[in-house]
Amino acid sequence: MYQQPPRGAPWVALARFEPWRANAGFYLEIASSGNIQQFFDPLGSEKIYLFICVCVSRPCKLCGADRPTPAHVLSSCPVALKQQRYTYRHNQVLTVLYNVITSTVAKLNRRGKVEAPPSPSIRFVRAGETVPAARRKPPASILESGLNWQLSCDLPDAPPYAFPVHITETEERPDIVLWSDESKQLVLLELTVPNEERVVESRKLKLERYAQLVEACNMRGYKTTVLTVEVGTRGFVATSTHRDLKRLGIWSSVLHSEISSVALRGSYAIYIHRNDAQWNWNAPVHGARIMRA
Ligand SMILES: [Zn+2]
């Protein structure tokens, strides 16, 4: 017996749905295939349904925790963490972001000019006519307002990671660092795939963690921005993520569904292997392969 959550409920409501919180396990059902191979196949079903099954009252096979919750399996088992099961999912989502940022940067760098800030336009109206509401052009994104961006990403398959030491030296390794020496701008992007209920806290922790580095880079004359990307283990994309990626200049509804789906599929892989003592799963989730230019 499982209890199905209300259809169309937002992800946050689903994450807080009481029967889910109380139950020990959950499974993802693939709408048409129900087949693990197809799930990771680019041509496989895109439609994923999330259900909770009845309480599985057995300890976690990895760490021995009594009655592990979905949150334990998906984001807080210490053994899974050590075996880099969560890193696998994190890197799948990061790959999607890296591909979009790389192609956007390549396009903008070819253009070789910055987007001019919107200028106030003068409108003439006849006497007695009402003044139409002014349509404001959205401000240029961070990427549009810089020139010749360079980037480095902390992914095993990406070119070797290198923080721009000519700006400052640091022990920190933000997932993606973007910089423009010509327009003196620096962007630190950090991705987390937390349990849905920890999204807000996770963002706060990251902003605090990078505060010192931001100050150091600002002192060197680089306008520095920290962008935090939070995609929940069950695919919830935070509003702050939407805002930050829009600010950077890469947001689209396609990207939204891609990062959501890749996080969810990564969670599915973690879930189905929860009873395997070793973690050998390395299949890229659909859409999460590094594109070579
Ligand atoms: Zn555990």
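Two residues are in contact here if their C-beta atoms, placed from the backbone, lie within 7 Å. The model shown in these views is predicted.

**Figure 1. Overview of the chain.** The chain has nine helices and six strands. Of its 293 residues, 32% are buried. Contacts in the chain between residues at least 6 apart in sequence often span a long stretch: 69% of them join residues at least 24 apart. The mean pLDDT is 78. A pLDDT of 70 or more is reached by 73% of the residues. Residues 9-57 stay under 50 throughout. For this stretch the model has 82 contacts beyond four places in sequence.

**Figure 2. The four-stranded sheet.** Four strands form an open sheet in the order 3-4-5-6, with mixed pairing. Strand 3 and strand 6 are the edge strands, each pairing on one side only. On average, neighbouring strands are turned by 15 degrees against each other, direction ignored. Helix 8 packs on the sheet, where it touches strand 5 and strand 6. The direction of helix 8 makes about 140 degrees with that of strand 6. Helix 6 lies across strand 3, strand 4, strand 5 and strand 6. Its run is at about 155 degrees to strand 5. As a general point, strands of a sheet pair through backbone hydrogen bonds, either parallel or antiparallel.

**Figure 3. Strand 4 and its partners.** Strand 4 covers residues 176-180. Five of its five residues are buried, so strand 4 is largely enclosed by the rest of the structure. I176, L178 and S180 point one way, V177 and W179 the other. Both sets are buried. Strand 3, residues 150-153, pairs with strand 4 in the antiparallel sense over four bridges. In that pairing, S152 has V177 of strand 4 as its bridge partner. Strand 5 also pairs with strand 4 in the antiparallel sense, over five bridges. Here S180 has Q185 of strand 5 as its bridge partner. Strand 4 and strand 5 form a hairpin, with four residues between them. K184 lies in the turn and has a positive phi of about 50 degrees.

**Figure 4. The largest nonpolar core.** This core has 51 residues. V93, L97, I176, V187 and I259 have the most contacts inside it. At least two core residues come from each of helix 4 (70-76), helix 6 (85-111), strand 4 (176-180), strand 5 (185-192), helix 7 (199-219), strand 6 (223-230), helix 8 (239-248) and helix 9 (253-272). Helix 6 supplies the largest share, 10 residues. Leaving aside neighbours within four places in sequence, I259 is in contact with V93, V96, L97, V231 and V237. In soluble globular proteins, nonpolar side chains tend to be buried together.

**Figure 5. The buried side of helix 8.** Which residues of helix 8 are buried? They are T241, D244, L245 and L248. These residues cover an arc of only 95 degrees around the axis, which puts them on the same side of helix 8. An α-helix has 3.6 residues a turn, so residues three or four places apart point the same way. The cover over the buried residues of helix 8 includes strand 5, strand 6 and helix 9. Just after helix 8, G249 takes a positive phi of about 105 degrees.

**Figure 6. V229 in strand 6.** V229 has its place in strand 6. Is V229 buried or exposed? Its C-beta atom has 25 others within 10 Å, and 20 are enough for a residue to count as buried, so V229 is buried. Not counting residues up to four places away in sequence, V229 touches L97, L189, L191, T241, D244 and L245. Among these, T241, D244 and L245 are buried residues of helix 8. V229 and R203 are 26 residues apart along the chain, with 7.9 Å between their C-alpha atoms.

**Figure 7. V214 in helix 7.** V214 lies in helix 7. With 17 other C-beta atoms within 10 Å, V214 is partly exposed. What does V214 contact, leaving aside its neighbours within four places in sequence? The residues are T224 and V226. T224 is 10 residues from V214 in sequence, and their C-alpha atoms are 5.8 Å apart.

Terms used:
Residues numbered from 1 in each chain as written. Predicted model: local features only at pLDDT ≥ 70, side-chain atom pairs only at ≥ 80, totals over all residues. Core = buried A, V, L, I, M, F, W, Y, C linked by C-beta atoms within 7 Å. Buried ≥ 20, exposed ≤ 12 C-beta atoms within 10 Å, placed from the backbone. Pairing = 2+ DSSP bridges. Axes fitted to C-alpha atoms, helices over the stretch in contact; angles between N-to-C directions. Arc of directions from axis to C-beta. pLDDT = per-residue confidence, 0-100.
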